[in-house]
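Reader: Please show me the sequence and the structure, and then take my questions one by one.

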Amino acid sequence: MTTASGSPARELLPTATPARTRAAVRELLRPHRALAAGGAVVMVAATTVGLLTQPLLGHIVDLVTERRPAGALTLPVVLLVLVAVAQGVATAFGMSLVSRLGETVLAELRERFVERALSLPLERLERAGSGDLNSRVTRDVSRVAEAVRTALPELVRSGLSIVLTLAALAVLDWRFLLAALLALPLQAHTARWYVRNATPLYAKERIATGAQQQQLLDTIGGAATVRAYRAEAGHTERVTERSRAAVDLTLRGVQLVLRFYSRLHVAEYTGLAAVLVTGFLLVRGGSASIGTATAAALYFHSLFGPVNTALVLLDDAQSATAALARLVGVVDEPAPAAADDARPQDVPGVPAVTVEGVGHAYVPGRPVLSDVDLVLRPKEKVALVGASGAGKTTLAKIVVGIHRPSSGRVEVGGGRPAETGRTVALVTQEVHVFSGPLADDLRLARPDATDEELREALERVGALGWAQALPEGLDTVVGDGGHRLTADRSQQLALARLVLADPPVAVLDEATAEAGSSGAGRLEEAAERALEGRTALVVAHRLSQAAAADRVVVMEEGRIAESGTHDELRAAGGPYAALWQAWAEHRSTPRP
Amino acid sequence: MGAVLGAGHQFGEALVPVIIGIVIDRAVSDGDGRALFGWLAVLAVVYVGLSLSFRFGARAGERAAEQAAHDLRITLVRRVLDPGGGAERGHLPGELANIATEDAKRVGAVNMAVMTGISALTGLLVSAVALLRISVPLGLVVLLGTPVLLWLGHLLSKPLERRSEAEQEGAAYASGIAADLVAGLRVLKGIGAQAAAVERYRRTSRASLAATVRAARAEAWQSGVVLTLTGVFIALVALIGGRLAAAGDITLGQLVSAVGLALFLLGPLEVFAWVNAEFAQGRASAGRIAAVLAAEPDVLPGERALPEPVLGGLRLRGVTLGALREADLDVRPGELLGVASTDPAAAQALLACLGRTADPEAGVVELDGVPLPELDPARLRTAVLVAAHDADLFEGTLADNLGGAGDTDRALAAACADEVARALPQGTATEVTEGGRSLSGGQRQRVALARALVADRPVLVVHDPTTAVDAVTEARIAGGLREHRLGRTTLLVTNSPALLSVADRVVLLDGGRVAADGAHGDLVHGDPTYRTAVLA
């Protein structure tokens, strides 16, 4: 993959607008309306029942004031106990409903996210950097999850408590409500002040934690290299720096929150004093009993908790909303447009590949390919050779459909190649073994493959022997967390996947390179067998691969320099003959 | 200090209901306006106090929490990078990064939880004292009742802890799978396997959802039970207080204070429940961190110092590891030795021994006569560099990646990486994205080789440095390598004839031991196994 044309300017994946985020949440909630309604009803009931506590306590005060016998207290106390039990049960039930709703919606969101992330065009991902997607798939998902897990149930509970407590105050006497609402403008103002200051600060914090995550992945993922080069100190320092930056910003956020609380305390005091003065005036005026005044004061006092909780959750809600917007931004990325041309998927048989007048530039004015014409007949195997940076990989990517050429036309079986891999598969030198059982890894290519088919595919690329010799055979857990496979085995696995996916056209980009030299011969054979019966374009550095191809195409500086069979080109005395000589020089017994 | 200030805050919070009671008693029920404003002024003072102590107390607590998380993160990274290795075994990089962020944060949060717990305890004690002053029996009920409540709460959080652990592991696994799929995205797309991958992720996500819902349900029921217990407790306080007031033992205002205090107690008690849950999660996270920190290292450090100066002679006797079977090998100081191999695993095992990422099961490896296990691996690596085939580049400029200290221009030229630098817009000052992915495979390989040359170790072992470069460039690199490393021990572990042909001497690993030894040209003619291995 040659992107020698320049350092790619980072262009992060999109973030959804607030309106779009809300709409996306509504869409996700729609199928669960019944659950949502059930949860709401139960939570309202739980809160309402809980609000009976204060009037009951007020009633006890009144009973005492009226000098009733002690036995009269039994009834309200028993009622208090019943209220406690009912509130506990209803709250537990309601909270589990709310959690289930939140978690289910969350799971759907993250699945949609992964689904869309995996269908993003590679070109787009390369521009965004893999860290962007990675931090969304880990940190943003967990931030939203955290909010759903803790903030959502609390927010529901607190919100209901506030509304219903205020209603209860009004039921006691509307003037109590007025007094309590005195605190409202102060709280509203404080909340606005907070959100205004918090938004930019949290944005900075997220960037800092993203950088920290990126550094951790870079350092931990490359730990073996770090150790080999004794670069531990430097890397530890880089992690420390980024962690420190993130911590500093977090603490600045904390300071902001605390100033926010101080202001809330002012509002709290104002409201409480107002309610007490109101109680004083009402009792003196004879329009309320001492018990009522007591209940009102207790109500207002019991509002502190939920109000603070709700306002504080603004915080979590804020950061969760930002994370959510980043997730929805990816979910909303348009699916790769494949429908504008005839879909090559529908082509029967083994198609031809036509490249006509193709030119390409990653950066305008720095062409990587110019004026390339190339036709691959059905089942023809063409090797693409040339020095590094000659544009081989770019051409391969264009044939596969990863890049759309800046000019010219590419057709596979009469249609523009879509980046689907079903018609045109691409195997590159980038090996990745998916963590999990080996059989699962293979079945990614063909989910309904039988064990027998898996074994056949492995056999065809010469991998069956070692695969069956693994500790648990095909069930051995491989990949990052499990059994590490050597590079050439990983590459054999990639070829086995190709066999299972069974596309009519295959492009191999140095697919035998990453394996290292000692396995290359074996891999070439494996590749050969994996390509049988397909139209194939093979980007090759090892000229033995070129010698075995039906035709060799030599590229120089983005153009096709020559094209013909191995023997024709060797005899022609052009660039290929020179390459072949350099290659064969060290092989004292030249190949026939 | 955070705890003291936090305690001050709770002290204030506990006084608020007491003052409400006094206001009801002295002002509302007696209709005394002056008392009303006097006590409202007192209330204002209490508010100022509690507000300030909260602000500074919480700040101290959060700072302690963040600092602890930061320290843990760095300790973890140190352990992962420890020359002995072994910490990554069994973990995805994404999972380890997650442990270093999320789990460290949870453990750090325990600090805050302790502080909050202490202040809640203060609030509880202040209420108790106030209650005792109102009435001894009432105070006793609170003092004896709360520990029972706490104990019950603790009992209930036990199963939660287990679930929380399972849930977090499930979530970590799900996010590990997602990150793994995203990392292999190019491979998935290459064979059109996105749909299958999405299907697989959906299954993982569903399993994780089921675990999470179970944990959430447990949590909901736990808080429901705590709520009920607390409500019953308040009813009890009201019953006793009411009877006392009815009997005239306490005043009406004291009854209101008592009830207000009992309601206020909900706060500290819920805080205890939260602290408990926080501890539970913190313990689970601490367990995961401890497991990484305590991971058995791959190799143990020895005590011996490196020979001074390092001449670079290597000697292997009877080395058995992986595919190596009682292998013997001698490398003279300053020699350029090619190592070809019929089995990649044998080459891999040889690299592991020389770089001490693993010690042989049997036999010895010596550097200038010193057995490697007697050396600290960190010290060894200042003398021996094993440049792995799949070595990673890092985020930063090209120059950062090269390490900068040595003669970078010469190394770049030797590795034919000078033309890579020239092709980049800002030369060696160009930023390389993570993993060097903004470079092509061939470019990456040449930069990595240049980095190995810049490091300038007495012994350099390079593994397949030219697999992704074309034949002409490969021949130039072979020459450049030879010239750059002239007179210093260098092992070329490769089957590439272009590289092997510049070596002073070549050995062939076959059947786990050295099966052939000689010049490349002679072996190509004289040894059919060698010919097959390198020319196939």
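Reader: Which helix of chain A holds A:Phe176?

Author: The model is predicted; local features need pLDDT of at least 70, side-chain atom pairs count only at pLDDT 80 or more, and totals for chains, interfaces and linings use all residues. Residues are numbered from 1 along each chain as its sequence is written, chains are lettered from A and ligands numbered from 1 in the order in which they are written, and side-chain values use heavy atoms, with hydrogens and water left out. Helices are DSSP runs (H or I, at least four residues), numbered from the N terminus. Residues 174–181 of chain A form one such run, and A:Phe176 sits in that helix, H7.

Reader: Is A:Phe176 buried or exposed?

Author: Buried means under 20% relative accessible area, exposed over 50%, and partly exposed in between (1.4 Å probe, protein chains only). Contact means heavy atoms within 4.5 Å. Not counting residues up to four places away in sequence, A:Phe176 touches several residues, including A:Leu169, A:Val275, A:Leu282 and A:Ala296. Because its relative accessibility is 0%, A:Phe176 counts as buried.

Reader: How far apart in space are A:Phe176 and A:Gln491?

Author: In sequence, A:Phe176 and A:Gln491 are 315 residues apart. From C-alpha to C-alpha, the distance in space is 76 Å.

Reader: Which helix gives the most to the nonpolar patch?

Author: Patches are made of residues with over 30% relative accessible area and no salt bridge (a side-chain nitrogen of Lys or Arg within 4 Å of a carboxyl oxygen of Asp or Glu); nonpolar side chains (Val, Leu, Ile, Met, Phe, Trp, Tyr) are joined within 5 Å, like charges within 9 Å. The patch of about 530 Å² is made by B:Leu121, B:Leu125, B:Val136, B:Leu140, B:Leu143 and B:Leu144. Helix H3 (93–134) and helix H4 (136–183) of chain B each supply at least two of its residues. With 4 residues, the one that gives the most is H4(B).

Reader: Is B:Leu144 buried or exposed?

Author: B:Leu144 lies in helix H4 of chain B. Its relative accessible area is 60%, so B:Leu144 is exposed.

Reader: In chain A, which helix has the highest confidence?

Author: pLDDT is the predictor's confidence in each residue, from 0 to 100, and chain A averages 83. Over residues 338–346 of chain A, pLDDT stays under 50. Where pLDDT is low, the predicted coordinates should not be read in detail. Among the helices, confidence is lowest in H5 (residues 122–128) of chain A, at a mean of 75, and highest, at 94, in H14 (residues 451–460) of chain A.

Notes. Accessible areas come from the Shrake-Rupley method with a 1.4 Å probe; for residues, only the protein chains shown count as cover.
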